[in-house]
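Welcome, and please load the model in your viewer. We will make a few selections together and look at what each one shows.

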Amino acid sequence: MAASTISRRTLLKGSGAIVVSLGLSRLLPLPNFDRVVTVAARTYSSFEDVYRQKWTWDKVTWGTHLVDCYPGSCSWRVYTKDGVVFREEQAAKYPQIEKGVPDMNPRGCQKGGCFSEVMYGSERITYPMRRAGARGEGKWERVTWDEALSDIADSMIDAVQSEGPESIIHEFGTGEGGTVHGSLPSWRLVRLLGGTVLDNNALTSDFNVGMYETFGKFQFASSIDDWYHADLILLWHMNPLYTRIPSAHYITEARYNGTKVVSIAPDYNASTIHADLYVPVEIGTDAALALAVSKIIIDDNAYNASFVKEQTDLPLLVRTDTGRYLRQPDVEGKGREDQLYFWDAAKDRLAKASHKTLRLGAVDPALEGRHSVTLLNGSTVEVEPVFGLLRKHLEAYTPELASKISGTSPATIRRLAGMVAAAKRVHILQGFSTPKYYHGDLMERSMALVLALTGNFGRQGTGLRGHNSSQLVMANVLKGKPGLEGFMEISNNQVDIEEEAKKHDPNLTPEMLAIAVERAEARTSALSPLPMSNMLVPPHFFWYWHAGYKDVWNNRAWADTGMKRTFDQYFNEAIDKGWWDDLAQPARDQIPQVFFGSCGNTLRRTRGGGKLLLENVWPKYKMVVTIDFRMSATARQSDIFLPAAAYYEKTDFRFPTAHLNFLVFTDKAVDPPGEAKPEWEINWLLAQKIEERAKVRGINEYRDRRDRAYHFNGLLDRFSMGGKVGPLESDKIAEDLIDDTVRAGALPEKTTLATFRKKGIVRFQHIGVDAVGQNQATDIHPDKTVNPLSWHVEDKLPYPSYARRIQFYIDHEWFLEAGEALPVHKPTPRMGGDYPLTMTSGHQRWSIHSMWVTNTVLSRTHRGHPTLFMNPEDMRKRGLADDEEVRVKNDFDAFFVRVKRSPSSRPGQVIIYHAWEPYQFRGGKSYDFAIPGLIKWLHLAGGYGHLNYYRWNWVPQQVDRAVPVEVEKLT
Ligand code: SF4
């Protein structure tokens, strides 16, 4: 062995057994067996040499992790020796942005710190594999790339011929963090084939529905250093010590700066320990708490009247006879139905609310008081500002009444309201938990109300966290050719659509125009110069028609008690009214044929999917393909596995976020092991193979259900952007992304790929040109932390909501029917039956996403198996001991897990942090087997201003929080 020159790279070409041994070899001081032996010989004479050898390397490159560990974007130095990555270190290169505000360094978490362990871990798969037994049986055979791609290509051609191209289903998820590789090449290929790409935000349920309902967007967020400016931080549905490890230092630093921190949560979690005040709240009752705080602020006249009048819909007039806004056709018999009115207190008469600006000028909108208005038909109606309605509405939320719902004492509610009213800058740090509650939208609307009443938007240190990933101009990858031509081509089409939109409404802001373009794209693919299917489609039709969710969503015992009709009645009405026209794909009679998954883990993530997808849609699939670098739950249930390159084995950028405003680079440090390939190359080869197989089979033209024509001939040319980018030339895409982004003004001039190879990170100087970028609605200054919405608050540009203001009153017919025109508290439906315990969740500290959860090193930092956190009193009642295996059940199904004694969990609450792989549970049944996967019927609403599909924004998504369960002792 001493004479051997076998490196670990060579070993990875070997069998799976050898791959396992590599994990052990990492424990040795050097990543090369022959050198280990050599050094071991020296050990007896000079131990210093061992140490010196350990700290040598061949090269150092930049690295980051292409996963949605939001906001991620941590820059690392990656050390390589003998073709093997053997360590990584936080780069800590983030400059201080604003004088007096701490920098972002060092950024990183324990998952990133051991990504090289995942690269060489036993879960890594490095060869194409084909199922050799039944799906999920675990029997595989190694095949060549040609064999694997031929099988996939033939199945896709079969699907096109038998059911139409929409029957090819592409899903991706939180592993999609790349901007060159990751999901984008598969996304592009499936669209060029006319297939179905499901909206990834709806799949992950990370969309802040209530924020969207309130602002007409949820894609805005401050930079993390901006937290430092807050006087008061409310950790509300966020546990940053678990989920924001690289960013949480700002909370501690802010406290040194005098900031008060309040933790509002059902459990005394890891972040609560670092708060000044803990506000305990019953699970799912946050809206009641927030509405009580709002009531106190209004009753105490502690609200910011000028902000409320200028920025919100609270001064807009509502007809007391119908509960609808007073509209121009009511008053004039014609005109815009979205032209709404104030009552001008200065002139004691009606005044139109401007569409052009939020600036009020001479108008002084009344916030209260009833007035009579004569309609065109001569009749008289009473109108009242929303604020007046709100004041009455909040009578149901006195601290005493709210306390009965939320369990928070009236004194604590008053104390919290006092802190909010007294602070000059309040920032609510809310995570991705609210969107996963059935009535999470009501919680978010109520939290937004607290901040809007106190003017806490659009200034440094204020706001409510959304999600934003834009800035980088990626249109070329998604929609056209690389280079200058590609960008301009899209821009020209965009100009046409914008011009058309302006004809209908000359007052649309650039942000609204960008959203209009998105909506046009979503429905017609109008922007694409190539034949392509929709960019994304909402998945609820797919789930309902093809995956067995119809029965679950129609179960009256589990349903929202506020529903006046059946789920199906709402579902069908939404279709009949055309609210989702062109988006119901695949059609109800189109049987899904091919599942093509990349950068996601569908069978782990889809709520209830481990049961319902496997039972209902998996048997329909003729081919299931997973592209991944490791064996996930979905890969185990696939027919073909295609091995992808990992994060240090390709050139890429982590998708940027407004939380950082840096573009963070990862470089190819080493070749992918075995026969693994970067996703661009994989999809390039697949495009080539599909075209080749179609030619052999004599098939060319086909049409989708909307009669759009596609051709197999020339598929590779279209995929490779006019033949300009070869399978191994993905650097060209990276160069082009930068080029286009510089041209758009979002990155500094003269930034190139070489700049990133030198510096690793570059800060954006602009929010970006697409709709999501525009949703930030703010400037990026070189020396200031970034806070969104300043274009509204300072420059008075209207919001993209129906009312063009921060909108708390939604007079859509369904919202009126639901009693949710104003934010209200509603109990979470008993989804799963009537059981005494309530199961909640959150990202776990040790994995964030499932790609790390099976890693040996990380498993050693905790119990290493799935765990259900449970209050000791609940355990005592059931005679349970710590780490005892139990059965968790409800009417949907059941799963087995070990309990963890957790005094900090709320009595009655059980917490299972995700994302465990289902195969880590007995029988492969994870916690998902207790989650039915409901969507809120109200989110099927459409045809009302911003309540119209806009990718990632207005789309129904499944919920998984506050599920009733019982925990049973095993006999
Ligand atoms: Fe940062 Fe995410 Fe990597 Fe952790 S896994 S170091 S949060 S990029």
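A disulfide here is a pair of cysteine sulfur atoms within 2.5 Å. By that rule the count comes to 0 disulfides. Before selecting anything, note that this is a predicted model, where local features need pLDDT of at least 70, side-chain atom pairs count only at pLDDT 80 or more, and totals for chains, interfaces and linings use all residues. Residues are numbered from 1 along each chain as its sequence is written, and side-chain values use heavy atoms, with hydrogens and water left out.

**Cysteines.** Select Cys114 and Cys109: the closest cysteine sulfur to that of Cys114 is in Cys109, 8.2 Å away, which is too far for a bond. Cys114 is buried (under 20% relative accessible area, with exposed over 50%, partly exposed in between, 1.4 Å probe, protein chains only), at 6% relative accessibility. Next, go to Cys599, whose closest cysteine sulfur is 14 Å away in Cys69, again too far for a bond. Cys599 is buried too, at 11%.

**Ligand.** Now show the residues around the ligand (a heavy atom within 4 Å). Among them are His65, Cys69, Cys74, Cys109, Pro246 and Trp852. This shell has 6 nonpolar, 5 polar and no charged residues; Cys, Trp and Pro count as nonpolar, and Gly as polar.

**Surface.** Finally, where does Trp55 sit? Trp55 lies in the loop between helix 4 (47-54) and strand 1 (59-63), and is partly exposed at 32%. Add Tyr51 and Trp57 to your selection: with Trp55 they form a nonpolar surface patch of about 340 Å² accessible area together. Patch members have over 30% relative accessible area and no salt bridge, with nonpolar side chains joined within 5 Å and like charges within 9 Å; a salt bridge is a Lys or Arg side-chain nitrogen within 4 Å of an Asp or Glu carboxyl oxygen.

Notes
Accessible areas come from the Shrake-Rupley method with a 1.4 Å probe; for residues, only the protein chains shown count as cover. Helices (H or I, at least four residues) and strands (E, at least two) are DSSP runs, numbered from the N terminus.
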